[in-house]
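Thanks for making the time this morning. I would like to walk through one model with you, going from the whole chain down to a few individual residues.

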Amino acid sequence: MLWWGVASALLANVLYSTGFVLEKRALSALPALSTRQPARVVRHLLGSPLWIGGSLALAAGFAAQLAVYRTLPIAAAQGIFVSGLVLLLLLSSAVLGERTSGRERQSIVAILVALVMVVASLQGSDARTIARTAPPATLLAIALPSLAAGLLLYGSAERRARRRHRLPTAGVPYGVAVGLLYGVSSLAIKGVSGLLTTDHIPAAVAQLFRSPYPYLLLFTGATGLVLSQTALQRCRASVIVPVCSTITCVFTVACGTVAFGEPLPADPLRLALRLGGTAVALAVLLALPRHEPPAPAPHTPAPPAPEASATGPELPATGPGPYVAGPGPSATGPESSAPESSATVRP
């Protein structure tokens, strides 16, 4: 079952990365989207076959994620999900032509180091304890303030982006805001996966709709669709998605461990690796640039210097030799006449 969960997580990575890249490619051909017109956003998205293909890939990734949460603890699942950032960067470079800076590539390496630290903490029987449900009061006490914080942060980023003479944002605030929404969604997916069963299906469905999970999924799905697609159109996928994924991972591990009661490692070394990996991921997030670098000014070539005459400086035409008149009026004015040469015979 453990390897089945790992395989499902890797499949989810491929599906999510492919879906995000296809959606970003489709968004580049759509008119500018605005969160103030959500119905218009949905209408434009549903009119793009490429975007629909990307959304179907994400939906398949969602199904794979349900299988992951039934076979792996939250921390292990999120650690594997974060590794999908490498695939996303490769796809965004090959398909979208996006180029990451040296600082961003270093951040991705640090995220992978955090992943190794988290995965290394998953040894022992306590790390394999899988909880199925969370107390509704605890879940809502975590989810509702997180949703409010995400919406407020996104609105603040929107207001700053509308200011004149402001550098274009790199997308970090958008990624954090959407990551909080998707973090709550991830907790809801974890809860739904725990309630899904093939035994006593009517009773399981009734229990599911009495829980807060489907309603949290509905809200985060609809709101996250408009916010994430608007942000993805404005900013690079290679920035938005890593930031969003990091926030989602850290939020799900930290809050999901509390909400679902999955134990932290009892061994001090493994506990340090778990907490240290989380701290590294947060430090990477804080170190990412908040704005895109300004575009370089267009280079204007200097005008060519006047060519020097091959015969040197002009000499007064009073010396011996024939006079060769150039085209147009004389340089001495329209009234001047050509000087006589020494070969002219005066009467």
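How much area does the chain expose, and what share of it do carbon and sulfur atoms supply? The chain exposes about 18,700 Å², and carbon and sulfur atoms supply 68% of that area. Please keep in mind throughout that this is a predicted model.

Let me begin with the overall architecture. The chain contains 12 helices and 0 strands, so that, read from the N terminus, the order of elements is α-α-α-α-α-α-α-α-α-α-α-α. Of the 347 residues in the chain, 42% are buried. If we take the contacts between residues at least 6 apart in sequence, 84% of them join residues that are at least 24 apart.

The element I would point to next is helix H4, which covers residues 74-82. It is largely enclosed by the rest of the structure, because 9 of its 9 residues are buried. Among them are Ile 74, Phe 81 and Val 82, and the buried set also includes the polar residue name you may have spotted, Gln 78.

Gln 78 leads us to helix H8, residues 172-195, where Ser 186 is located. With a relative accessible area of 2%, Ser 186 is buried, and, once its neighbours within four places in sequence are set aside, Ser 186 is in contact with Gln 78 as well as with Gln 65, Tyr 69, Thr 248 and Thr 252.

A second buried position is Thr 220, which belongs to helix H10, residues 213-234, and has a relative accessible area of 0%. Setting aside its neighbours within four places, Thr 220 is in contact with Leu 147, Leu 181, Tyr 182, Val 184, Ser 185 and Leu 225. Its side chain also reaches the backbone oxygen of Leu 217 at 3.3 Å. As for Leu 180, which is 40 residues away from Thr 220 along the chain, the two C-alpha atoms are separated by 9.6 Å.

Now to charge pairing. Side chains of opposite charge can pair when their charged atoms come close. Which residue forms a salt bridge with Arg 234? The partner is Glu 158, and the closest N and O atoms of the pair are 2.1 Å apart. Since Arg 234 lies in helix H10 and Glu 158 in helix H7, residues 136-161, the pair ties together parts that are 76 residues apart in sequence. Are the two partners buried or exposed, or something in between? Arg 234 is partly exposed, at a relative accessible area of 38%, whereas Glu 158 is buried, at 6%. The count for the structure comes to 1 salt bridge.

On the cysteines, I can be brief. The structure holds 0 disulfides; Cys 244 is buried with a relative accessible area of 8%, and Cys 249 is buried with 13%.

Finally, let us turn to the surface. Val 42, Leu 46, Ile 52 and Leu 56 make a nonpolar surface patch of about 340 Å². The elements giving two or more residues to that patch are helix H2, residues 38-46, and helix H3, residues 49-71. Val 42, which lies in helix H2, counts as partly exposed because its relative accessibility of 31% falls between the 20% and 50% limits.

That is the tour, and I am happy to go back to any part of it.

Key. Residues numbered from 1 in each chain as written. Predicted model: local features only at pLDDT ≥ 70, side-chain atom pairs only at ≥ 80, totals over all residues. Heavy atoms only, no water. Disulfide = S-S within 2.5 Å. Buried < 20%, exposed > 50% of the residue type's maximum accessible area, 1.4 Å probe, protein only. Helix = DSSP H or I, 4+ residues; strand = E, 2+ residues; numbered from the N terminus. Contact = heavy atoms within 4.5 Å. Polar contact = N/O pair within 3.5 Å; in protein donor to acceptor, adjacent residues only side chain to side chain. Areas by Shrake-Rupley, 256 points an atom, 1.4 Å probe, with all protein chains shown as cover. Patch = residues over 30% accessible without salt bridge, like charges linked within 9 Å, V, L, I, M, F, W, Y side chains within 5 Å. Salt bridge = Lys/Arg side-chain N within 4 Å of Asp/Glu carboxyl O.
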